[in-house]
Amino acid sequence: MTENYQLCKLGDGAQESQKWDDFVDSIDTGTFFHLTGWKRVIESVYGHSCHYIYATIDNTIVGVLPLVEQKSLLFGHALISTPFCVYGGVASDSEEATLFLEKQAIELAHNLGVDYLEMRYPFARNNPDLTEKCAHSSFGWELADTPEAILAGIKKKQRAVVRHSLKNDLSFRIEEDTKTAYDVYSESVRNLGTPVFPKKYFAALKQEFAENCDVLTVEKDHKAVSSVLSFYYKNQVLPFYGGGLFDARALKSNDFMYYQLMCHALENKQCNYFDFGRSKDDSGAFKYKRTWGMEPVALHYQFHLVKAEALPNLSPNNPKYQFFIKMWQKLPVWLSRRIGPFLSKFLG
């Protein structure tokens, strides 16, 4: 029945993009990361070629697939759905439409001559032309009805940490301050040995997603110590880029930050779910999220190899990156901000 589908490529027209987004809004498999705003951000900030394709029947959209081409001498040539995002792959409520778009993505990958195609599904797929790799897990939970109930639902040991943070004379503000979010985040990832994104990326996300994006910043004595840029979609809050400065550990300000974000999302954004995003399995972030009482859910990323002979491994746990990570951690923050964007554009 796939002959009934019409393949379309998303252009720059506002009306076509709105139809795409309306479709994503209407189905369960449509995530925040399937929205066309990511295409505009990625093209304007990073200059990557986007291949957003969709399937129609009788001019009605039945499936969408965002794809972004990344090409680097250092990290290779890939077609990904979607870089800089947790989830991707086809969004559709039809298995036939999903298979049709997956076939089109594989053909596109071969035509472009990439090393591999990657689709970041949060659920398992049954397509013999794809190879699954489960190296990341997502975390999240339903938000309780009140701030007090949220606190009571946190795992006992972590709940004590949050209670401790509430006694540390910390304050927080929620606004459009992407500059502070970037400053805190860039220092935090430098400490982890990871190149940071360009500052304009954070500003572009806020501009594109408007009221569905904000920044919560925690301060001690009027100085920012932790900050997180979050998204809101389908009654969910997604803390996406967060970090803390050196003092954050002693102040428990990151714990304070996430608890206050949960309360804010519940009371002011009508959210009922906290999506804590993905973490590499058995990493420090993975273990930290479990302390809250959240259980990992495997992410079923799917690959199709074109020129590559093995599945990619861009993980910081890859031994060949260890020297680079240790050297990066020693860089001055200002220098890491200067050269990091030239590398991070291929690491999303």
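**A walk through the folded chain**

N235 is partly exposed, with a relative accessible area of 41% (buried means under 20%, exposed over 50%, and partly exposed in between, using a 1.4 Å probe and protein chains only). This is a predicted model, in which local features need pLDDT of at least 70 and side-chain atom pairs count only at pLDDT 80 or more, while totals for chains, interfaces and linings use all residues. Residues are numbered from 1 along each chain as its sequence is written, and side-chain values use heavy atoms, leaving out hydrogens and water.

Let's stay with N235 for a moment. The residue sits in the loop between strand 12 (223–233) and strand 13 (236–244). (Helices, H or I with at least four residues, and strands, E with at least two, are DSSP runs numbered from the N terminus.) What stands out about the backbone of N235 is its phi, which is near 60 degrees, a positive value in a residue other than glycine.

D58 has a positive phi too, near 55 degrees, and is likewise a residue other than glycine. To find D58, look in the loop between strand 3 (53–57) and strand 4 (60–65). Is D58 buried or exposed? With a relative accessible area of 72%, D58 is exposed.

Another backbone detail can be found where S81 meets T82: the peptide bond from S81 to T82 is cis, with omega near 0 degrees. T82 belongs to the loop between strand 6 (76–81) and helix 3 (95–112).

Follow the chain onward and you arrive at that helix. Helix 3 is made of 18 residues and reaches 26 Å from its first C-alpha to its last. Which of its residues are tucked away from the surface? The buried residues of helix 3 include A97, F100, L101, I106 and L108, and among them there are also E102 and Q104. What do these buried residues pack against? Their partners are strand 1 (6–9), strand 3, strand 4, strand 6, strand 7 (116–121) and strand 16 (300–305), where contact means heavy atoms within 4.5 Å. As you leave helix 3, you come to G113, whose phi is positive, near 70 degrees.

Next, let's look at charged side chains. How many salt bridges does a search of the whole structure find? The search finds eleven (a salt bridge is a side-chain nitrogen of Lys or Arg within 4 Å of a carboxyl oxygen of Asp or Glu).

A good one to start with joins the side chains of D12 and K39, at 3.3 Å from N to O. D12 lies in the loop between strand 1 and helix 1 (14–26), and K39 lies in helix 2 (residues 37–46), so this pair ties together parts that are 27 residues apart in sequence. The surroundings of the partners are worth a look as well: D12 counts as exposed, at 71% relative accessibility, whereas K39 counts as buried, at 5%.

K39 also forms a salt bridge with E43, and here the closest N and O atoms are 3.1 Å apart. Where do K39 and E43 lie? Both are in helix 2, four residues apart, which is about one turn of the helix. E43 counts as partly exposed, at 31% relative accessibility.

Farther along the chain, E219 forms a salt bridge with R173, with the closest N and O atoms 2.9 Å apart. This pair links distant parts of the chain, since E219 is in strand 11 (residues 213–220) and R173 is in strand 10 (residues 171–175), 46 residues apart. E219 counts as buried at 14% relative accessibility, and R173 counts as partly exposed at 23%. Which residues join these two in a network? E175 and D177 do: R173, E175, D177 and E219 are linked in a network of salt bridges.

For a last stop, find K157 in helix 5 (residues 156–165). K157 counts as exposed, at 74% relative accessibility. How far apart are the C-alpha atoms of K157 and P296? They are separated by 18 Å, and the two residues are 139 residues apart along the chain.

Technical notes:
Expected span 1.5 Å × (residues − 1).
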